[in-house]
Amino acid sequence: MNLITISGPPSSGKTAVTIKTAETLMQRGVKVGAVKFDCLYTDDDVLYQRAGIPVKKGLSGSLCPDHYFVSNIEAVLDWGLKENFDLLISESAGLCNRCSPYIKDIKAICVIDNLSGINTPRKIGPMLRMADIVVITKGDIVSQAEREVFASRVNAVNPTAIVMHINGLTGQGAYELSTLLYDEKVHIDSLKGRKLRFSMPSALCSYCLGETRIGESYQMGNVRKINLDEK
Amino acid sequence: MVSTSFLIQSSLSDLLEKYPYLHAFFEGQAFAIEDRMHQTLQQILSGIDEEASEDSAFDATTFLLQLKEYIEQMQEFLGEDQHRLNSISILPGTDKSGTSEQFEVVELHKSTITSIVGPTGSGKSRLLADIEWVARADTPTGRTILVNGELPSTDWRFASARKLVAQLSQNMNFVMDLQVQEFLELHARSRMVADEQTVIKKIIDAANDLAGEKFEPQTPITSLSGGQSRALMIADTAILSTSPVVLIDEIENAGIDRKRALQLLIGEEKVVLMATHDPILALMADQRIVIKNGGIHKVLKTSQEEKNMLVVLEEADRKLQHLRTKLRSGEQLQRI
């Protein structure tokens, strides 16, 4: 079974791109399954089901979604193996821009959209910098010039990635993406011992443990102070 | 080739002098470059401890790899002759039912216009996608696309600085909150154009020439009228876009001189492809591709009779425009 991870800021078009791409793979007889990781709420699983793609969803709730992802991805892989998928897609939202749910040697795709603003590529951390493929969406509603500027900004942040433009509504470009996703020679049977491409955002302070009161005396653990003296 | 050891032993100021485009690359990085100009990369990298690198999500190995890749891409990009595409050839594949397309080859030359006609869902987008992806019998249609008569490298598919196709369509808008001048500067910089101001002036002049109503370099792009936006997009794509092929999805017949717009594009040696059902636009093309059931059904040269008809249609169009102008200025219309 192949495994790929797709992530990107909320509402960038991850699910639309994934479903359109999965559909072209399924037409070629590839058995695709999906897992959607989200934080508080998602009904994207319904969209997957409607497209005929077996899906599981996981909500991290009060936990950091990335920590939740990495503690569950192994079980998810086992589910995929049990279901006999050829390709398992793990989709997760990057909620804090410091997210990095990518695993070494597992194909990683970042989806971002043209409407998010030209400085966004610089604001997104390892999720964009360490992706193998960057998919840019919503190109059908902005000008050619803006598409070119946006793509060049993405390229400056991650020159080694393949950059693709995909229309999540019509599926234009999805077939092309699909040819890069599935390799029948690849078999991922276990993730045990594999490593993340980059460490996850860390914190362990009193607020992680449920503290709600504001004030110096309630702050314990890994706490950092804003520097207001900097010019 | 750039060697990694050369890179890490160079100071930032040396690197920036040698590769000025690295500004864009360094700006997105974890360390501020201004106060470290005289340090070598090695010094800078060794100054970032584990905590700082985790904090700013910085990975030195990836950084060096990407720096090298960026320089190599840019060198290749800058060394290229932008106008080296002379023609695109489409070799036949099959339609949706698997029937072979009945043509030998469709040639699209630079500075010519090809219109594409066919009902919605007939496969126009697939044809355009085949061209954009530089298909080599590996898309659902099985078509093959040649560049300058040869099977090109797959670089066209992946290199972000050199996409084969630029697109202009009705529902595209400007979304950045910038003045025309600033906007074009941004685009010119992303292309690393040498003589920025001359190019920008050329684009604004060309756009004003196409649009009925003139705008200023200081006009915010989001407050341009529909016709002005369209004119600016076309002028910018003609003059500043790297893509040698321009794909147009209809041009609205309001506030813009469509004939001049097309002339501007072919004057800049673009291969122009235009999906349209407007007879005036379709007949301005040198040839038209008829799509049916996912396949190229026919390729028609614009006949002499059609060219004569175009003259009549353009005359009728002028009359209509004239009435529109009169209406706008509050006059009563007389029978013409």
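**Figure 1. The two domains of chain B in the predicted model.** In this predicted model, the centres of domain 1 of chain B and domain 2 of chain B, taken over C-alpha atoms, are separated by 40 Å. Domain 1 comprises residues 4-78, whereas domain 2 is assembled from two stretches of the chain, 87-172 and 226-302. The chain that carries these domains has 14 helices and 9 strands, and its C-alpha atoms fill a box of roughly 80 × 55 × 30 Å when taken along the principal axes.

**Figure 2. Burial, contacts and surface of chain B.** Of the 336 residues in chain B, 49% count as buried. Among the contacts of chain B with a separation of 6 or more, 67% are accounted for by residues 24 or more positions apart. The accessible surface of this chain comes to about 16,400 Å², and carbon and sulfur atoms hold 51% of that area. As for charge, chain B carries 34 positive and 49 negative side chains, and the centres of these two sets lie 11 Å apart.

**Figure 3. The loop of chain B that holds Glu269(B).** This view is centred on Glu269(B), which sits in the loop between helix H12 (258-267) and strand E7 (271-275) of chain B. The backbone at Glu269(B) has a phi near 65°, a positive value in a residue other than glycine. With a relative accessible area of 31%, Glu269(B) is partly exposed, because that value falls between the 20% under which a residue counts as buried and the 50% over which a residue counts as exposed.

**Figure 4. Glu331(B), in the segment that follows helix H14.** The residue shown, Glu331(B), is placed after helix H14 (304-328) of chain B. Its relative accessibility is 41%, so Glu331(B) counts as partly exposed. A second residue marked for reference, Val193(B), is 138 residues away from Glu331(B) in sequence, and the C-alpha atoms of the two are 47 Å apart in space.

**Figure 5. The fold of chain A.** Chain A has 7 helices and 7 strands, which follow one another along the sequence in the pattern β-α-β-α-β-α-β-β-α-α-β-α-β-α. The radius of gyration of this chain is 19 Å, close to the 17 Å that the globule rule gives for 231 residues, and chain A is therefore as compact as a globular protein of that length. Along its principal axes, the C-alpha trace of chain A spans about 60 × 45 × 30 Å.

**Figure 6. Burial, contacts and surface of chain A.** Of the 231 residues in chain A, 55% count as buried. When contacts in chain A are taken between residues at least 6 apart in sequence, 73% of them join residues at least 24 apart. The chain exposes about 10,600 Å², with carbon and sulfur atoms supplying 53% of this area. Chain A has 27 positive and 25 negative charges, and the mean positions of the two groups are 3 Å apart.

**Figure 7. The surroundings of Thr24(A) in helix H1.** Thr24(A) belongs to helix H1 of chain A, which runs over residues 14-27. Leaving aside residues up to four places away in sequence, Thr24(A) touches Ala174(A), Tyr175(A) and Ser178(A). One of these partners, Ser178(A), is 154 residues from Thr24(A) in sequence, yet the two residues are 6.9 Å apart in space, C-alpha to C-alpha. The relative accessible area of Thr24(A) is 14%, and Thr24(A) is therefore buried, the cut-off being under 20%.

**Figure 8. Asn84(A), in the loop between helix H3 and strand E4.** Asn84(A) lies in the loop of chain A that connects helix H3 (65-82) with strand E4 (87-93). Although Asn84(A) is not a glycine, its phi is positive, at about 65°. The relative accessible area of Asn84(A) is 56%, so this residue is exposed, since the cut-off for that class is over 50%.

**Figure 9. Cys96(A), in the loop between strands E4 and E5.** The residue at the centre of this view, Cys96(A), is found in the loop of chain A between E4 and strand E5 (107-113). At 43% relative accessibility, Cys96(A) counts as partly exposed. Asp66(A) is included for reference: the two residues are 30 residues apart along the chain, and a distance of 9.8 Å separates the C-alpha atom of Asp66(A) from that of Cys96(A).

Conventions: Residues are numbered from 1 along each chain as its sequence is written. Chains are lettered from A and ligands numbered from 1 in the order in which they are written. This is a predicted model: local features need pLDDT of at least 70, side-chain atom pairs count only at pLDDT 80 or more; totals for chains, interfaces and linings use all residues. Side-chain values use heavy atoms; hydrogens and water are left out. Helices (H or I, at least four residues) and strands (E, at least two) are DSSP runs, numbered from the N terminus. The radius of gyration is taken over C-alpha atoms; the globule rule is 2.2 Å times the number of residues to the power 0.38. Buried means under 20% relative accessible area, exposed over 50%, partly exposed in between (1.4 Å probe, protein chains only). Contact means heavy atoms within 4.5 Å. Accessible areas come from the Shrake-Rupley method with a 1.4 Å probe; for residues, only the protein chains shown count as cover. Lys and Arg count as positive and Asp and Glu as negative; His and the chain ends are not counted. The place of a charge is taken as NZ of Lys, CZ of Arg, CG of Asp or CD of Glu. Domain bounds come from an automatic or database domain assignment.
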